[in-house]
Amino acid sequence: MADSVSPVLSSIEARVLGVLVEKQHTVPDSYPLSLNALVSGCNQKSNRFPVMQVSQTDVLEAIEKLEQVSLVSESSGGRVTRYAHHFEEVFNIPVQSVALIAMLLLRGPQTAGELRIHCERLHKFADISSVEAFLEEMAVRSSGSLVVKLPRKTGARENRWFHLLSEDSDNEAYIDTCALSDRHDSVSFDDFHALKSDFIKLEAEVAVLRKAVDQLKAQILLQEKHMEE
């Protein structure tokens with residue numbers, strides 16, 4: 001399939017897609033995945049950020065949406081329905097890029113060095129520069145960027161990268177929360193939403209303080225003007 005505009009996925013849809021790509025390489029004998037295996041992969045506590053607790057119903061609803069955009073298909077035969085992804089065909093990108101996207105879907109923002117390490121079981125990159133080359137290629141696609149390089153954090157040596165497929169991809173609260181810990185699996189899904197709520201409250205408080213400062217500045221300027229007169 002030719003390049004097309006990237007679909008916007010829910011957080012669960014993004015997780016399902018990432019798990020399918022990961023398990024295709026790490027447990028090939030079990031791929032395509034059964035529903036039970038897919039739910040287990042979505043709820044996995046290691047190598048995941050945020051940690052989720054989704055039900056079979058949640059995953060089935062996500063699969064239905066992914067099937068509508070041809071990213072997932074089901075295969076009958078045998079006693080269990082199984083599911084496979086079609087990431088390469090839909091986005092027209094190589095397996096190296098698919099591996100990188102999968103890790104961003106599963107683990108949140110990461111540097112090129114981190115991605116190289118985390119992708120090792122999916123694809124072994126020769127060096128960090130090769131990782132960056134594939135990321136840059138996905139960032140400048142004419143049909144729409146799949147990843148973005150985030151501004152470097154204070155004190156950080158490298159920029160992190162983030163995917164642009166999910167509804168959370170442009171959420172600064174989500175991205176900032178990803179950097180709270182060196183272990184991405186140490187913050188639960190509920191913790192993330194609590195932190196997000198706190199972030200929104202802080203934004204509102206800052207806005208009020210800025211308004212008060214602006215009013216104070218205006219009063220000072222007015223007083224200075226009267227004194228000059």
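Guide: Welcome! A salt bridge here is a side-chain nitrogen of Lys or Arg within 4 Å of a carboxyl oxygen of Asp or Glu. The model is predicted, so local features need pLDDT of at least 70 and side-chain atom pairs count only at pLDDT 80 or more, while totals for chains, interfaces and linings use all residues. Residues are numbered from 1 along each chain as its sequence is written, and side-chain values use heavy atoms, with hydrogens and water left out.

Visitor: How many salt bridges does a search of the whole structure find?

Guide: Side chains of opposite charge can pair when their charged atoms come close. Searching the whole structure for such pairs gives a total of three.

Visitor: Which residues are linked in a network of salt bridges?

Guide: Glu22 pairs with Lys23 at 3.6 Å, N to O. Glu22 also pairs with Arg48, at 2.6 Å, N to O. The linked residues are therefore Glu22, Lys23 and Arg48.

Visitor: Are Arg48 and Glu22 buried or exposed?

Guide: Buried means under 20% relative accessible area, exposed over 50%, and partly exposed in between (1.4 Å probe, protein chains only). Glu22 has a relative accessible area of 8%, and its partner Lys23 has 16%. Arg48 and Glu22 are both buried.

Visitor: How many residues apart in sequence are the parts that Arg48 and Glu22 tie together?

Guide: Helices (H or I, at least four residues) and strands (E, at least two) are DSSP runs, numbered from the N terminus. Glu22 sits in helix H1 (residues 11-26) and Arg48 in the loop between helix H2 (35-42) and helix H3 (56-68), so the parts are apart in sequence by 26 residues.

Visitor: Which residue forms a salt bridge with Glu136?

Guide: Glu136 lies in helix H7 (residues 128-139), and its partner is in strand S5 (residues 147-149), so the pair ties together parts 13 residues apart in sequence. Glu136 is partly exposed at 36% relative accessibility, and the partner is partly exposed at 42%. With the closest N and O atoms 3.5 Å apart, that partner is Lys149.

Visitor: At roughly what angle do the axes of H1 and helix H5 cross?

Guide: Axes are lines fitted to C-alpha atoms, for helices over the stretch in contact, and angles run from 0 to 180 degrees between N-to-C directions. Contact means heavy atoms within 4.5 Å. The axes of H1 and H5 (residues 95-107) come within 8 Å, crossing at roughly 135°.
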